[in-house]
Amino acid sequence: MTTAISAPVPRQEAVANATMKALVFHGPGRRAWEERPRPRLLEDTDAIVRVSTTTICGTDLHILKGDVPTVAEGRILGHEAVGYVDEVGSAVRSLRRNDKVLVSCITSCGRCDFCRKSMYSHCRAGGWVLGHTIDGTQAEYVRIPHAETSLYPLPTNADEEACVLLSDIFPTGFECGVEFGRVKPGDTVAVVGAGPIGLAALMTAQLYSPSALIMLDPDKNRLEVSRSLGATATVSARGVDAAVEAVRALTKGNGVDVAIEAVGVPESFEVCQGIVAPGGHVANVGVHGKPVELHLERLWAHNVTITTRLVDTVTTPMLLKLVLSGRLQAKKLVTHRFAMAEIMKAYDTFADAGSSKALKVAITSR
């Protein structure tokens with residue numbers, strides 16, 4: 001009697017029929033860790049990445065609150081990850097299966113007029129799409145469009161918890177806050193908001209040797225963390241007037257050369273306007289959902305520069321070198337760790353940062 005041997009299923013067919021687990025947005029206040037089809041290559045410039053480490057961003061919480069109406073129900077959330085290339089399109093030449101990569105929060109084609117100006121956030125075929133207009137990284141697998149210009153190869157021994165913070169918060173804090181704020185050696189710098197973005201701005205501002213770094217936040221735990229990361233002074237005063245008065249006192253009435261807004265509410269932007277010195281810079285980093293009042297009646301003659309920016313991730317290669325060399329200790333912002341199957345608990349922890357003292361959570365496929 002002979003035994004029939006089944007022919008192996010082609011890999012492409014097996015992948016096409018495969019499923020995975022993912023964190024799915026089901027409308028304001030509703031999320032679920034559920035089964036979804038595994039992503040497939042749609043364009044010859046795509047790659048499929050097997051996610052090994054991801055995290056949660058404050059933007060994800062904004063989405064869950066219903067603050068980002070462009071995110072459709074059923075969307076897989078997340079725009080930060082480290083993982084391994086699982087499959088590449090026919091036009092992808094520089095990446096191979098099993099390469100370890102950093103996923104950028106910004107997808108860029110590298111060819112359009114905005115990309116040629118290094119404004120990748122405004123890429124006509126990309127920008128912030130992951131976890132926004134296409135499925136994101138809080139899943140076992142994710143499809144990355146324009147893979148060769150949206151993924152960064154990593155050494156096999158790279159610390160994933162440190163590198164995943166280069167997907168978003170460190171380029172954001174550095175580019176939008178430090179670079180656009182034009183921090184210079186000897187400057188007095190204030191960062192309003194000691195969340196992960198504010199702390200990333202605090203850490204990267206030190207690359208320019210400011211003479212003073214003042215951190216403002218009502219959360220005393222976050223101020224304690226900021227002191228351990230290089231803040232020379234902290235302010236916990238609540239209310240615009242009290243915060244402005246405290247910073248003015250610390251600077252002998254002069255104000256600060258650079259005020260970095262890292263919260264995204266009208267009060268924090270008003271504080272920045274109140275503490276910036278003549279000739280100084282206000283660099284907005286926070287995501288604002290409400291109008292703010294611009295005090296031109298006070299600032300018009302003070303030679304003050306106000307800048308806005310969406311992160312372009314043009315500095316990611318440089319920041320990656322600093323992290324891999326140990327010069328930038330990004331991993332210090334990771335306070336909690338979870339397995340991928342515990343992502344619902346990770347969201348609860350991150351959303352309740354006041355009680356949990358969470359900064360960034362690392363979610364791994366262990």
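# A guided tour of the predicted model

Select strand 3 (residues 47–54) to begin: 7 of its 8 residues are buried, so this strand is largely enclosed by the rest of the structure. The model being viewed is a predicted one.

**Partners of strand 3**

Keep strand 3 on display and add strand 4 (residues 81–88); the two run antiparallel and are joined by 7 bridges. To locate the register, pick Val51, whose bridge partner in strand 4 is Gly83. Next, add strand 6 (residues 141–144), which pairs with strand 3 in the antiparallel sense over 4 bridges. Here the residue to pick is Ile48, bridged to Arg143 of strand 6. Finally, bring in strand 15 (residues 360–364), paired with strand 3 through 2 bridges, again in the antiparallel sense. Thr54 has Ile363 as its bridge partner in strand 15.

**The parallel sheet**

Now move to the open sheet of 6 strands, whose order is 10-9-8-11-12-13 and whose pairing is parallel. Which strands stand at the edges? They are strand 10 (233–235) and strand 13 (305–307); each has a single partner strand, so one side of each lacks a neighbour in the sheet. Viewed across this sheet, neighbouring strands are turned against each other by 15 degrees on average, direction ignored.

Within the sheet, select strand 8 (residues 188–192) and strand 9 (residues 212–216), which run parallel and are joined by 5 bridges. Val189 marks the pairing, with Leu213 as its bridge partner in strand 9.

**Helices on the sheet**

Add helix 7 (residues 196–205), which packs on the sheet and touches strand 8, strand 9 and strand 11 (256–261). The direction of helix 7 makes about 175 degrees with that of strand 9. Then add helix 8 (residues 220–228), which also packs on the sheet. Helix 8 touches strand 9 and strand 10, and its direction makes about 165 degrees with that of strand 10.

Return to helix 7 and colour its residues by accessibility. Of its 10 residues, 9 are buried, so helix 7 is largely enclosed by the rest of the structure. The buried residues are Pro196, Gly198, Leu199, Ala200, Ala201, Leu202, Met203, Thr204 and Ala205.

**Helix 12 and its two sides**

Select helix 12 (residues 316–325) next and show the side chains of its buried residues: Thr316, Leu319, Leu320, Leu322 and Val323. These residues lie on the same side of helix 12, because they cover an arc of only 160 degrees around the axis. Turn to the other side of helix 12 to find Lys321 and Ser325, which are exposed. To see what covers the buried residues, display elements including strand 5 (100–103), strand 7 (151–153), helix 5 (160–163), helix 6 (169–179) and helix 7. Just after helix 12, stop at Gly326, which takes a positive phi of about 90 degrees.

**The cysteines**

For the last stop, show the cysteine sulfur atoms. How many disulfides does the structure hold? The number is 0. For Cys57, the closest cysteine sulfur is that of Cys105, at 8.1 Å, which is too far for a bond. Cys57 counts as buried, with 8% relative accessibility. Cys112 is in no disulfide either, its nearest cysteine sulfur being that of Cys115, 3.7 Å away; the cut-off for a disulfide is a sulfur pair within 2.5 Å. Cys112 has 13% relative accessibility and therefore counts as buried.

Note on methods: Residues numbered from 1 in each chain as written. Predicted model: local features only at pLDDT ≥ 70, side-chain atom pairs only at ≥ 80, totals over all residues. Heavy atoms only, no water. Buried < 20%, exposed > 50% of the residue type's maximum accessible area, 1.4 Å probe, protein only. Pairing = 2+ DSSP bridges. Axes fitted to C-alpha atoms, helices over the stretch in contact; angles between N-to-C directions. Contact = heavy atoms within 4.5 Å. Arc of directions from axis to C-beta.
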